[in-house]
Amino acid sequence: MAIYHATTKPISRSSGRSATASAAYRAGVEIADERTGLKHDYSKRKGVMWSLAFDKNENIIDRSKLWNTAEKAE
């Protein structure tokens, strides 16, 4: 039987990090940060096996919109 494990870590702005940059890196995609105006492009990153984000109804979520909304909430 498989056992699921999830780990979370805080993303601290005071150390110059952002949720959009972290999400782009982990998913191996390109996300434009609306707060800073920077474009984080990790689309050439190797080793990412799955990069879709979806809700409980299995609708695909726009990752850029999701993480920019999270940044605005902070």
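Q: What makes R35 and E71 a salt bridge in this predicted model?
A: Their closest N and O atoms are 3.0 Å apart. The cut-off is 4 Å between a side-chain nitrogen of Lys or Arg and a carboxyl oxygen of Asp or Glu. The pair therefore qualifies as a salt bridge.

Q: Why is this pair said to tie together separate parts of the chain?
A: R35 lies in the loop between β1 and β2, while E71 is in helix α2, so the bridge joins parts 36 residues apart in sequence.

Q: Why is E71 called buried?
A: Its relative accessible area is 6%. Buried means under 20%, so E71 fits that class.

Q: Why does R35 count as partly exposed?
A: R35 has 44% relative accessibility. Partly exposed runs between the 20% and 50% limits, so R35 belongs there.

Q: How many salt bridges does the whole structure hold, and what makes K39 and E30 one of them?
A: A search finds three. K39 and E30 meet at 3.6 Å, N to O. The limit is 4 Å, so the pair counts.

Q: Are K39 and E30 exposed or partly exposed, and why?
A: K39 has a relative accessible area of 58%. That is over 50%, so K39 is exposed. E30 comes to 41%, so it is partly exposed.

Q: What makes E34 and K72 a salt bridge?
A: Their side chains meet at 3.1 Å, N to O. With a limit of 4 Å, the pair therefore counts. E34 is in the loop between β1 (30-32) and β2, K72 is in helix α2, and 38 residues separate them.

Q: Why is the aromatic pair of Y25 and Y42 called edge-to-face?
A: The structure holds one aromatic pair. The ring centres of Y25 and Y42 are 5.3 Å apart, and the planes stand at 90 degrees. Pairing needs centres within 6.5 Å, and edge-to-face needs planes over 60 degrees apart, so both tests are met.

Q: What else sits over the ring of Y25, and how do you know?
A: The charged end of R45 sits over that ring, 4.0 Å from its centre. The distance limit is 6 Å, so R45 is within it.

Q: Why is W50 called exposed?
A: W50 has a relative accessible area of 60%. Exposed means over 50%, so the label holds. W50 lies in the loop between β2 (39-41) and α2 (63-73). With M49, L52, F54 and I60, W50 forms a nonpolar surface patch of about 680 Å² accessible area together.

Note on methods:
Residues are numbered from 1 along each chain as its sequence is written. This is a predicted model: local features need pLDDT of at least 70, side-chain atom pairs count only at pLDDT 80 or more; totals for chains, interfaces and linings use all residues. Side-chain values use heavy atoms; hydrogens and water are left out. Patches are made of residues with over 30% relative accessible area and no salt bridge: like charges are joined within 9 Å, nonpolar side chains (Val, Leu, Ile, Met, Phe, Trp, Tyr) within 5 Å. Accessible areas come from the Shrake-Rupley method with a 1.4 Å probe; for residues, only the protein chains shown count as cover. Helices (H or I, at least four residues) and strands (E, at least two) are DSSP runs, numbered from the N terminus. Buried means under 20% relative accessible area, exposed over 50%, partly exposed in between (1.4 Å probe, protein chains only). Rings of Phe, Tyr and Trp (its six-membered ring) pair if their centres lie within 6.5 Å; planes under 30 degrees apart count as stacked, over 60 as edge-to-face and the rest as tilted. A charge sits over a ring if NZ of Lys or CZ of Arg is within 6 Å of the ring centre and within 35 degrees of the ring normal.
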